[in-house]
Amino acid sequence: MSKPSTQQQKNILNTVIGALPDNRPITSLQLVEEFEKCPKHFQPINKTYDQDQDADLWREKMLIGKRTTRYLCQSKSEGLPGYIVETLKIINEKEITPEGFSQLTRTADTEQKAWRKKQLVYRLAKKGSAKQAITDIILCSRLRQAPEGFTLAGDINGILVCFKLSPVPHRPSPSVPSRQSITDLEKTIENLKIQSSVSNPQENEYVQLLSSYQLSPKRVAPKPPMYSTGTLNIHTDVEGVPFVLNPALKQYSTNIPAVYELADAQLEYDFHLERQVLCTTKSQNVQLTNPFFQ
């Protein structure tokens with residue numbers, strides 16, 4: 001079985017990540033004429049949620065010439081820093097934009113007119129103050145009401161625009177110390193400085209040495225003996241250490257057993273047995289060279 005390539009592994013990883021729910025709030029919206037030219041870090045909504053069909057929001061039938069299209073794109077990382085999309089709604093093309101809402105007037109890729117008959121507007125809110133935010137937007141071509149868990153924003157040329165609201169998680173802000181606690185901390189630090197300046201150095205567990213104080217040994221350490229092995233000079237850890245008994249052990253009696261001594265007569269050996277063995281197998285050459293036959 002062949003090992004999958006790096007590109008195949010990336011495709012598998014992207015598929016798995018795409019299947020997982022992403023509850024991050026949407027931070028920016030854009031409109032493009034061709035969804036392949038969606039801005040960087042934006043995801044185009046080019047298919048309907050209910051029928052997986054073309055999610056074009058222009059929806060104008062053209063018999064001759066190039067068809068005009070509009071596709072909505074969403075991002076969860078781009079846009080105004082610190083702001084998220086809190087809600088959105090659909091209004092008529094010539095209707096005045098509600099207060100606090102923003103509108104998309106031009107396509108991001110071709111700078112063309114954004115909407116026909118109706119338009120989408122949205123409202124931004126600070127992430128730290130918003131309780132809810134839009135985390136997903138879907139387009140439906142057949143359904144006449146929003147699916148479960150989604151809110152209906154309106155209709156654009158026969159396409160239902162629905163969005164999902166999710167609570168915005170907030171981290172508790174760190175508590176700011178009061179002026180009184182800061183003053184108490186400053187007094188404590190000052191007291192520690194005063195105590196350290198008047199304390200007796202002899203009572204300290206550790207003595208601080210001045211930078212000018214030099215520690216010098218009573219005798220110069222002997223250089224370890226070295227011996228050469230080829231191109232390397234090597235010394236062992238025990239070389240140069242005197243082989244003497246510790247003076248603290250001299251008070252104990254040490255009875256060393258006597259070594260067994262052999263007399264001169266016991267050391268004499270005539271090799272008679274060896275001579276007999278050699279006599280049975282000797283040859284002329286062996287007899288001339290063997291020291292036992294002199």
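Which residue takes a positive phi in the hairpin of S8 and S9? Select Asn-157 to see the answer: its phi is positive, near 50°, and the hairpin has two residues between the strands. The model on screen is predicted.

**The strands around the hairpin**

Widen the selection to strand S8, residues 151-156, together with S9. These strands pair in the antiparallel sense, over five bridges. To follow one of the bridges, pick Gly-154, whose partner in S9 is Val-161.

Next add strand S7, residues 132-140, and keep S9, residues 159-167, in view. S7 and S9 also run antiparallel, with eight bridges between them. Cys-140 marks one of these places, since its bridge partner in S9 is Leu-160.

**Aromatic pairs**

Now display the aromatic side chains, where the count comes to two aromatic pairs. Start with Phe-35 and Tyr-71, whose arrangement is edge-to-face, with 5.3 Å from centre to centre and 75° between the planes. Colouring by residue number shows that this pair links distant parts of the chain, 36 residues apart. Phe-35 is in the loop between strand S1 (28-32) and strand S2 (43-45), and Tyr-71 is in strand S3 (residues 71-75).

Turn on a surface for these two residues. Is Tyr-71 buried or exposed? Tyr-71 counts as buried because its relative accessibility is 4%, under the 20% limit. Phe-35 has 27% relative accessibility and therefore counts as partly exposed.

Move on to Tyr-49 and Phe-150, a tilted pair with centres 6.1 Å apart and 50° between the planes. Tyr-49 lies in the loop between S2 and S3, and Phe-150 in the loop between S7 and S8, so the pair ties together parts that are 101 residues apart in sequence. At 18% relative accessibility, Phe-150 counts as buried.

**A charge over a ring**

Select Arg-70 and Trp-58. What sits over the ring of Trp-58? The charged end of Arg-70 does, 4.5 Å from the centre of the ring.

**The second largest pocket**

For the last stop, show the second largest pocket, which holds about 180 Å³ of space. Its lining is made of 15 residues, and those closest to the centre are Pro-25, Thr-27, Lys-76, Ile-84 and Lys-127. Colour the lining by class to find seven nonpolar, four polar and four charged residues.

Terms used
Residues numbered from 1 in each chain as written. Predicted model: local features only at pLDDT ≥ 70, side-chain atom pairs only at ≥ 80, totals over all residues. Heavy atoms only, no water. 1 Å grid on protein atoms, 1.4 Å probe; cavity = no way out; pocket = protein on both sides within 12 Å on 5 of 7 lines; lining within 4 Å. Points joined across faces, edges and corners; volume = space filled by probe spheres on them. Nonpolar A, V, L, I, M, F, W, Y, C, P; charged D, E, K, R; others polar. Pairing = 2+ DSSP bridges. Helix = DSSP H or I, 4+ residues; strand = E, 2+ residues; numbered from the N terminus. Phe/Tyr/Trp six-rings, centres within 6.5 Å; stacked < 30°, edge-to-face > 60°. Buried < 20%, exposed > 50% of the residue type's maximum accessible area, 1.4 Å probe, protein only. Lys NZ or Arg CZ within 6 Å of the ring centre and 35° of its normal.
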